[in-house]
Amino acid sequence: TICQIMALRAARNAGVYVPKSTADRCIAYVKSCQDPHTGGFCYRPNGSMGPGFARTAAGIVALYSAGLYEDDAIRRGLDYLAQYQPGNNAQARFGQNDVMMHFYYGHYYAAQAMWIAGPERFVPWYRAVRHLLLTTSDRMADGSWNNRQYCPEYSTAMALIVLQIPNNYLPILHR
């Protein structure tokens, strides 16, 4: 879902006509995947697969990509995501299989979500995730990352994308 919504956003940014009704349907679908109790996002509407770190990060970025920037769904999602900020009490959560299985994917979208949310959310998140990425046991002697679930090329690419976000190089992240 997030990739499809980002593709629609990229098409629109490139000058391809994307009807507002399409973005509205994207927003409605993503919002239907939000857990009403926690604010986290589920894999499908009605709680299928429950809310989780990576799903919530992707859900927030999907809403941003569809053109929604100020909404209770985003605020609640960001609040849910904040419990996964590296450090503090989040370390226990990173031991959960769901979080570890989607570690780089989740941080890729979480860093984007916090960046778009603004400096008050991004700065502490970025400091924490930068420290985590630079000190994780996934970090290899040659400077690459190897998650052992995925190839080192994927882990390294995702870590580097997260670390470069403050440079504002990617057009999708331009404010």
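Which helices each supply at least two residues of the lining of the largest pocket? Hold that thought for a moment. What you have on screen is a predicted model.

Let me start with the fold. The protein chain has nine helices and zero strands. Reading from the N terminus, the order is α-α-α-α-α-α-α-α-α. The chain has 175 residues, and 45% of them count as buried.

Now back to the pocket. The answer is helix H2, residues 20–32, and helix H3, residues 53–65. H3 gives the largest share of the lining, with five residues. The volume of this largest pocket is about 410 Å³. Its lining comes to 17 residues. Nearest the centre lie Thr1, Tyr43, Arg55, Ala58 and Tyr105. What about chemical class? Twelve lining residues are nonpolar, three are polar and two are charged.

Next, the loop between H2 and H3. Glycine 39 lies in that loop. Is glycine 39 buried or exposed? Buried, because its relative accessibility is 0%. Look also at leucine 78. Glycine 39 and leucine 78 are 39 residues apart along the chain. Their C-alpha atoms are separated by 8.2 Å.

On to the aromatics. Two numbers describe a pair of rings: the distance of the centres and the angle of the planes. The structure holds nine aromatic pairs. One of them joins tyrosine 80 and tyrosine 84. Centre to centre, those two rings are 5.7 Å apart, with 50° between the planes. That pair is tilted. Both partners are inside: tyrosine 80 is buried at 8% relative accessibility, and tyrosine 84 is buried at 6%.

The second pair I want to show is tryptophan 115 with phenylalanine 122. Why is this pair called edge-to-face? The planes stand at 85°, and the cut-off for that label is over 60 degrees, so edge-to-face applies. The ring centres are 5.0 Å apart. Tryptophan 115 has a relative accessible area of 8%, so it counts as buried. Phenylalanine 122 is at 6%, so it is buried too.

Back to the tyrosines for a second. Tyr80 and Tyr84 belong to one aromatic cluster together with Phe53. Phe53 falls at the start of the range given for H3, 53–65.

One more ring contact, this time with a charge. Where does the charged end of arginine 139 sit? Over the ring of tryptophan 145, at 4.5 Å from the ring centre.

Last topic: the cysteines. How many disulfides does the structure hold? Zero. Take cysteine 33. Why is cysteine 33 not bonded to cysteine 42? The closest cysteine sulfur to that of cysteine 33 is in cysteine 42, and it is 7.2 Å away. A disulfide needs sulfur atoms within 2.5 Å, so the two are too far for a bond. Cysteine 33 is buried, with a relative accessible area of 5%. Cysteine 3 is another case. At 55% relative accessibility, cysteine 3 counts as exposed, because the cut-off is over 50%.

To recap briefly. The chain runs to nine helices and zero strands. H2 and H3 each supply at least two residues of the pocket lining, and glycine 39 sits in the loop between these helices. Nine aromatic pairs, zero disulfides. That is the tour of the predicted model.

Terms used. Residues numbered from 1 in each chain as written. Predicted model: local features only at pLDDT ≥ 70, side-chain atom pairs only at ≥ 80, totals over all residues. Heavy atoms only, no water. 1 Å grid on protein atoms, 1.4 Å probe; cavity = no way out; pocket = protein on both sides within 12 Å on 5 of 7 lines; lining within 4 Å. Points joined across faces, edges and corners; volume = space filled by probe spheres on them. Helix = DSSP H or I, 4+ residues; strand = E, 2+ residues; numbered from the N terminus. Nonpolar A, V, L, I, M, F, W, Y, C, P; charged D, E, K, R; others polar. Phe/Tyr/Trp six-rings, centres within 6.5 Å; stacked < 30°, edge-to-face > 60°. Buried < 20%, exposed > 50% of the residue type's maximum accessible area, 1.4 Å probe, protein only. Lys NZ or Arg CZ within 6 Å of the ring centre and 35° of its normal.
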